[in-house]
Amino acid sequence: MIDAVDQAQVLRDEWLELARSCGGGPFTLPGLALPWWRHLGRGHLRIVTVRNGAGDLIGLAPLFERHRGPVAVVGFLGTGVGAVGEFLVAPSKSDVVGSLLQAALGDGRTALDLINVRYGDPLIASLRRDRELTTRAELQDECPIVTLDGHESVDSLIDRPSRAGLRKKLAKAARALAGHTVDFQAARGSEDVATVWKTVQPLYDRAERDQPRQHFGQGIEGEFFADALAALAAVDAVSITTMAIDGEPAAFDVFVHNGGTASAVLGRMDPSLAEFSPGQLLLRYGIDQAITNGDRVVDLQLGDDLYKRRWADDVYDTVHLRSAITRNFTLADGVLRGVDAGYALRTRLHR
């Protein structure tokens, strides 16, 4: 069990190697999970690890613990910022999931509250098999994906009959841009990523004023994301694509790269340029870059938005899991539902 950031930092290289070997999602990477903990985490770090007889790291659960009244609750690092959580398990070591789960639950007085677990994850099967646990699972969200196998460029992907609507949208945008200078760029590497991130901040501010979400360019969220970008860029695990119209930034997308998947974790466009569909045109460029870089999948992450559906050819669901030793489950579930209700009310009042 790792309960201190300095211990986790020592583990970082092994952790990254394991995440790459099993193709974990963005928040399974230490470069994203640990900055989240440093800037936004509360409670106690609770990273669970499993090693084989040779001392190799073969399993890792990136978790933290908080007390909710009488209940100790364990969740994934990245909870609250759109993270899809998962246990990292080395290929062909599926039996390790049970060991990670057992260690995460500790002495039995702990409840799991795991938000946005990918449906079909071996963790779910392990929870089902454990007769000492009671588990509640609720569908949470959808993640559209674009599969790239068999495509040498984005053009062959767009040419599919099912994407007639997308072709019309892109053609309309191209006509609207006639007479304008359009430039696409992809930044990858520590210096370029830092420079581009600073450049797109005015655009990001305008987008947030028009449609407030969660601003990762300001305040403590901005400190977290800048820290994460630096850590990810240092291991070549992030890129920022940008589109400029007549020399002015029009849209940006941030992709985290791991195990052949490019995950679109953040993107915004200038609301004053919506007539040009810069988000769609930039995603076209980003997908073409992913194909060039040898990625096999573009994961558009949480949310079944229209612009994602236009591109996606598959989707996976996420579920919210709550699990505890059966004798404690009713209490834990009741406490957590109360917390959910309070959070929802506070969010509505804030808006």
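**Exercise 1. Work out what share of the protein chain counts as buried, and how the fold holds together overall.**

Start with burial: 48% of the 351 residues of the protein chain count as buried (under 20% relative accessible area, with over 50% called exposed and partly exposed in between; 1.4 Å probe, protein chains only). Keep in mind that this is a predicted model, where local features need pLDDT of at least 70, side-chain atom pairs count only at pLDDT 80 or more, and totals for chains, interfaces and linings use all residues. Residues are numbered from 1 along each chain as its sequence is written, and side-chain values use heavy atoms, with hydrogens and water left out.

Next, the contacts (heavy atoms within 4.5 Å). Take those with a separation of 6 or more: 72% of them join residues 24 or more positions apart.

Last, the size. A compact globule of 351 residues would have a radius of gyration near 20 Å, and the protein chain agrees, with 21 Å (taken over C-alpha atoms; the rule is 2.2 Å times the number of residues to the power 0.38).

**Exercise 2. Place Tyr285 in the fold and decide: buried or exposed?**

First, find its element: Tyr285 sits in helix α11, residues 278-292 (helices are DSSP runs of H or I, at least four residues; strands are runs of E, at least two; both are numbered from the N terminus).

Then check the area. Tyr285 has a relative accessible area of 18%, so it is buried.

Now look at who is around. Leaving out residues up to four places away in sequence, Tyr285 touches Phe184, Gln185, Ala186 and Thr241. Thr242 is 43 residues away in sequence, yet its C-alpha lies 9.0 Å from that of Tyr285.

**Exercise 3. Describe the second largest cavity: what is its volume, and which residues line it?**

The trick is simple: rolling a probe the size of a water molecule over the atoms shows where empty space is left. Here a cavity is a set of points, on a 1 Å grid over the protein atoms alone, where a 1.4 Å probe fits but cannot get out; lining residues have an atom within 4 Å of a point.

Searching the whole structure gives 2 cavities of 30 Å³ or more. The second largest comes out at about 30 Å³ (grid points are joined across faces, edges and corners, and the volume is the space filled by probe spheres set on the points).

Finally, list the lining of the second largest cavity: Phe27, Thr28, Pro62, Phe76, Leu77, Val84, Gly85 and Glu86.

Key: On a 1 Å grid over the protein atoms alone, a cavity is a set of points where a 1.4 Å probe fits but cannot get out, and a pocket is an open set with protein on both sides within 12 Å along at least five of seven lines; lining residues have an atom within 4 Å of a point.
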